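Biologist: I would like to go through this model with you, one question at a time. Please keep the answers short.

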Amino acid sequence: MSISSEVKEPLEPVGRLLSEPGRFAYGGLCGVTLSLLFSEEEHREFRMKFIQGLIDWLQLSESVLPVMEAFANGMGGEGTDTFADLLLKEPALKDSPILITQDLVSFSLKDGYYDARARVLIRHVTWLLRISFEELEIFEESLVESLKGHKETESEEYENARKKKDQRKKLKRYFLIGLATVGGGTVIGLTGGLAAPFVAAGAAAIVGTAGAAAIGSTAGIAIIASLFGAAGAGLTGYKMKKRVGAIEEFEFLPLTDGNQLHVTIAVTGWLCTGKYGSFEAPWRSLLQSKEQYCLAWESKYLMELGNALESLLNGLVNMVAQEALKYTVLSGIVTALSWPASLLTVANVIDNPWGVCLNRSAEVGKHLAQVLLSRQQGKRPVTLVGFSLGARVIYFCLQELLQEKDSVGIIEDVVLLGAPVEGGAKHWKPLTKVVAGRIINGYCRGDWLLNFVYRSSSVQLNVAGLQPITLDDRKMINVDLSSIVNGHLDYMKQMDTILKAVGVKTKECRLEDKWNVSPNFEMGEKCAKGGAGEATMNNTGISSAGKNQSEGADT
């Protein structure tokens, strides 16, 4: 066909264009990275499957398999820099080391499943090769847009694609073999396998041969159907068919219009009359992914709670009392008897709605886990971000995932802000099994309101939203937000600043600021300026920093 002939470059995966030493270095780099990131026994099967598949992908001799498996099981941990240097000296990568990242994405997608652990590994390798994390995201976006027949991203990196407008017009009818737009979602037919060569041609025109080869050779339409779900409409297509337990409301609202190979779900902690009366309100600046949703849940009860919080704060506590309570909380000697009598007399204003929402947030979290397990979002990594009771929803989602089979590889990163949940390390260690990347705990020691609602509990109770989680695990990152958050309500009102401080990307972070400065802890060094102290990363990917990090937590 003349269409495929227009793509003059051979559709050959970049990894196979390397010299034999280069391919060995590529495999070795991934093997050592697997052992660094996923050394636990529960990830052994993933490590072995990944490295064995990569050897086949790179057409390396089977004789190197024992060596690569040894790397993946912990040998050669100091070899990452050597392997990276060897790769960067390859002629095929002289001006474009990003080709390795693109090739790894292609390899990871070839079976129609983008495992969260694979994406964390790709982030790590991208960092090791000193490649902008933004380049990875642009590639992922462009790959999705080309395969789904959408207009490509208007960016300098892919300016050449716009010059091939005539070619895209010719390709359009071939895309339609496998794509049909119905309402707001794209229904992707599995009968589109015959269109795969044309899909690959379109992808190559936009993102180059690095990503297109695998897609073209393995029925790209079917892969996209697997990644995005057979209905293709994403999480907005989910409707709770019937009442689940006590849950009355549960649905996903879109925060962005695009599609991406990774999804972000934001969970709001309460609502209140006025500016913050919608679930979307706190997340207007969030830009962690091009495909983002917020979870709408139990709005009637969350509105009652939010208004009670506002009433309690605005009408019953004066500035002097707030300051006194703040220092009392910091001293760690708060008991039921030390709270002002005037505050205790109106405790019922907050206690009842708080108790109701505590219970419902746990149920909603469990249901969220079941939705993710059903792959309503497709087979793509998911990042969860939530504050207050929204963070509690996420906590119980992780707990539920831990109890289920096939739950590993779904969650990429988790961000909890002011979480009203247990903060003891023993409760969090098991949850690291179902999170491939980071668990960020944003807390405020002086959050007297959060402390107040726990006043009837033991004085020794650890609350994640009030203090660091002292867990000795590379995934756990504690961020002290005390210089930003003066009270619990600030988690709603100061969300933009808070997101920057914990390293979550926002719309205000310019393209040149989005660097993957750490392999696993992409804390947004530049974007965090102006927050509660800058979080910086050393060149091993371990946070070195500063006053944002917890005392005693190994981050």
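Biologist: What volume does the largest pocket have?

Modeller: This is a predicted model, so read every value as computed. The lining of the largest pocket counts 18 residues. Its volume is about 610 Å³.

Biologist: Which residues lie nearest the centre of the largest pocket?

Modeller: By class, the lining has 6 nonpolar, 3 polar and 9 charged residues. Out of the 18 lining residues, those nearest the centre are F46, K49, Y113, D115 and R117.

Biologist: Which helix gives the largest share of the lining of the largest pocket?

Modeller: Helix 3 (44-57), helix 6 (98-109) and helix 7 (116-128) each supply at least two lining residues. The largest share is 5 residues. The helix that supplies them is helix 3.

Biologist: What is the reach of helix 3 from its first C-alpha to its last?

Modeller: Helix 3 has 14 residues. At 1.5 Å a residue, 20 Å is expected. The model comes close to that, with a reach of 20 Å.

Biologist: Which residues of helix 3 are buried?

Modeller: Buried stands for under 20% relative accessible area. F46 is among the residues that pass, and F46 is also one of those nearest the centre of the largest pocket. The full set in helix 3 is F46, R47, M48, F50, I51, G53, L54, I55 and W57.

Biologist: Which residue with a positive phi follows helix 3?

Modeller: The phi in question is near 55 degrees. The residue is Q59.

Biologist: Why does helix 2 count as largely enclosed by the rest of the structure?

Modeller: Helix 2 covers residues 20-37. Its 18 residues should span 26 Å, and its end C-alpha atoms are 26 Å apart, which agrees. Helix 2 is largely enclosed because its buried residues number 14 of the 18.

Biologist: How many cavities of 30 Å³ or more does the structure hold, and what is the volume of the second largest?

Modeller: The structure holds 2 such cavities. The second largest is lined by 11 residues, and closest to its centre are R119, H262, Q288, T383 and E412. Its volume is about 40 Å³.

Biologist: How many charged residues are in the lining of the second largest cavity?

Modeller: Helix 7, helix 8 (133-147) and strand 7 (411-417) each supply at least two lining residues. By class, 1 lining residue is nonpolar and 3 are polar. The charged ones number 7.

Biologist: What is the strand order of the open sheet?

Modeller: The sheet has 7 strands with mixed pairing. Strand 3 (250-254) and strand 9 (476-480) are the edge strands, each pairing on one side only. Neighbouring strands are turned by 20 degrees against each other on average, direction ignored. The order is 3-5-4-6-7-8-9.

Biologist: In which sense does strand 3 run to strand 5, parallel or antiparallel?

Modeller: The two strands are joined by 5 bridges. Across them, F250 stands opposite W297 in strand 5. The sense is antiparallel.

Biologist: Which residue of strand 5 is the bridge partner of A266?

Modeller: Strand 4 (residues 263-267) pairs with strand 5 over 4 bridges, in the parallel sense. The partner of A266 is C294.

Biologist: Which residues of strand 5 point the other way from Q292, C294 and A296?

Modeller: In a regular strand the side chains alternate between the two faces of the sheet. Strand 5 is mostly covered, with 6 of its 6 residues buried. The residues pointing the other way are Y293, L295 and W297.

Biologist: Which residue of strand 7 is the bridge partner of F387?

Modeller: Strand 6 (residues 382-387) runs parallel to strand 7, and 5 bridges join them. Strand 7 is largely enclosed by the rest of the structure, because 7 of its 7 residues are buried. The partner of F387 is L417.

Biologist: Is D472 buried or exposed?

Modeller: D472 sits in the loop between helix 20 (448-453) and strand 9. D472 and A425 are 47 residues apart in sequence, yet 8.2 Å apart in space, C-alpha to C-alpha. The relative accessibility of D472 is 59%, so D472 counts as exposed.

Key
Residues numbered from 1 in each chain as written. Predicted model: local features only at pLDDT ≥ 70, side-chain atom pairs only at ≥ 80, totals over all residues. Heavy atoms only, no water. Pairing = 2+ DSSP bridges. Axes fitted to C-alpha atoms, helices over the stretch in contact; angles between N-to-C directions. 1 Å grid on protein atoms, 1.4 Å probe; cavity = no way out; pocket = protein on both sides within 12 Å on 5 of 7 lines; lining within 4 Å. Points joined across faces, edges and corners; volume = space filled by probe spheres on them. Nonpolar A, V, L, I, M, F, W, Y, C, P; charged D, E, K, R; others polar. Buried < 20%, exposed > 50% of the residue type's maximum accessible area, 1.4 Å probe, protein only. Expected span 1.5 Å × (residues − 1).
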